[in-house]
Amino acid sequence: MATGRTHRPATRSRGIPEATVARLPLYLRALTALSERSVPTVSSEELAAAAGVNSAKLRKDFSYLGSYGTRGVGYDVEYLVYQISRELGLTQDWPVVIVGIGNLGAALANYGGFASRGFRVAALIDADPVMAGKPVAGIPVQHTDDLEKIIQDNGVSIGVIATPAGAAQQVCDRLVAAGVTSILNFAPTVLSVPDGVDVRKVDLSIELQILAFHEQRKAVEEAAASTDGAGPVAAARKESADKGPDGDVPAVMPA
């Protein structure tokens, strides 16, 4: 069985832009849903809508894969699933270690989507001695003292960090030193890594803050629209109320 240690995807060598690579999982998710419904073909417009992008961008992205579809027919769903999966490296087995088995780490370990997408949780690692040996999602937790050996024995090149922020950099350094070249970071901190190591950061608090910004903006826009929608009659009444009995200056009673 192939592992992440000896096989790596060829996206960069083929010159596929990073923005396109970031959208390929969106297309794959939409295509997988179509495949599960036994839909044989899909148009660029339908697939773009399902993936949340515009059809011109989708066709451009697929051109990097050498896939152009058939006019009047569209794209073959099963072939695109295979093509994108192969490009992303998902047609092989990628062993993954999760470091930090608190609430978040345990939830990740129990996530059922890893196996169906080409990933295998090879090990769960935690610094708490009390956790050692305890099964989480059917996998016994191992102590961080054995981190390097675990990485080497399982041929791991992808690590997931779900530790507190204060421990994340040290864990990252040890993962990299042991041979891990790709890291998914859930810790609320920025990691420093050498060239050749890829880091993807998932920060739920930042995503919520961005949503809060949009909610605030929508509230302001709705308030402005409500004021603007009062109409000329309400505006005239307000102007009249602001003026005095002579219609030109505010009415002020003498002290």
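Guide: In this predicted model, helices are DSSP runs of H or I with at least four residues, strands are DSSP runs of E with at least two, and both are numbered from the N terminus. Named in this way, the chain has ten helices and nine strands, and Ser-38 is placed in the loop between H1 and strand E1 (41-42).

Visitor: Why is Ser-38 counted as exposed?

Guide: Exposed means a relative accessible area over 50%, and Ser-38 has a relative accessibility of 62%, so it counts as exposed. Its backbone deserves a look as well, for Ser-38 has a positive phi of about 60 degrees although it is not a glycine.

Visitor: What makes Ala-137 partly exposed?

Guide: Buried means under 20%, exposed means over 50%, and partly exposed is what lies in between; Ala-137 has 40% relative accessibility, and therefore it falls in that middle class. Ala-137 belongs to the loop between strand E5 (135-136) and strand E6 (139-143), and its phi, near 55 degrees, is again a positive value in a residue other than glycine.

Visitor: How do you know that the length of helix H8 agrees with its number of residues?

Guide: The expected span is 1.5 Å times one less than the number of residues. For the 14 residues of H8 (residues 165-178) this gives 20 Å, and the C-alpha atoms at the two ends are 21 Å apart, so the two values agree.

Visitor: Which residues of H8 are buried, and why are they said to lie on the same side?

Guide: The buried residues in H8 are Ala-168, Val-171, Cys-172, Leu-175 and Ala-178. They cover an arc of only 130 degrees around the axis, and therefore they lie on the same side of H8. It helps to remember that an α-helix has 3.6 residues a turn, so residues three or four places apart point the same way. On the other side of H8, Gly-166, Gln-170 and Ala-177 are exposed.

Visitor: What do the buried residues of H8 pack against?

Guide: They pack against strand E3 (94-99), helix H7 (147-154), strand E7 (158-161) and strand E8 (182-185).

Visitor: Why is H7 called oblique to H8?

Guide: The two helices pack at an angle of about 40 degrees, with their axes 9 Å apart. Angles under 35 degrees count as roughly parallel and those from 65 to 115 as roughly perpendicular; an angle of about 40 degrees is in neither range, and so H7 is oblique to H8. H7 passes H8 in a right-handed crossing, and the contact is made by Leu-147, Glu-148, Ile-151 and Gln-152 of H7 together with Arg-174, Leu-175 and Ala-178 of H8.

Visitor: What makes Glu-148 partly exposed?

Guide: The relative accessible area of Glu-148 is 27%, and since buried means under 20% and exposed means over 50%, this residue is partly exposed. Glu-148, which lies in helix H7, touches Arg-174 and Ala-178, not counting residues up to four places away in sequence. The C-alpha atoms of Glu-148 and Leu-175 are separated by 7.3 Å, although these residues are 27 apart along the chain.

Visitor: Which handedness does the crossing of H1 and H4 have?

Guide: The crossing of H1 and H4 is left-handed. Helix H1 (residues 18-36) and helix H4 (residues 77-88) pack at an angle of about 145 degrees, with their axes 9 Å apart. Among the residues that meet there are Leu-24 and Leu-28 in H1 and Val-81 and Ile-84 in H4.

Key
Residues numbered from 1 in each chain as written. Predicted model: local features only at pLDDT ≥ 70, side-chain atom pairs only at ≥ 80, totals over all residues. Heavy atoms only, no water. Buried < 20%, exposed > 50% of the residue type's maximum accessible area, 1.4 Å probe, protein only. Arc of directions from axis to C-beta. Contact = heavy atoms within 4.5 Å. Axes fitted to C-alpha atoms, helices over the stretch in contact; angles between N-to-C directions. Parallel < 35°, antiparallel > 145°, perpendicular 65-115°, else oblique. Left-handed = near helix turned anticlockwise from the far one by under 90°.
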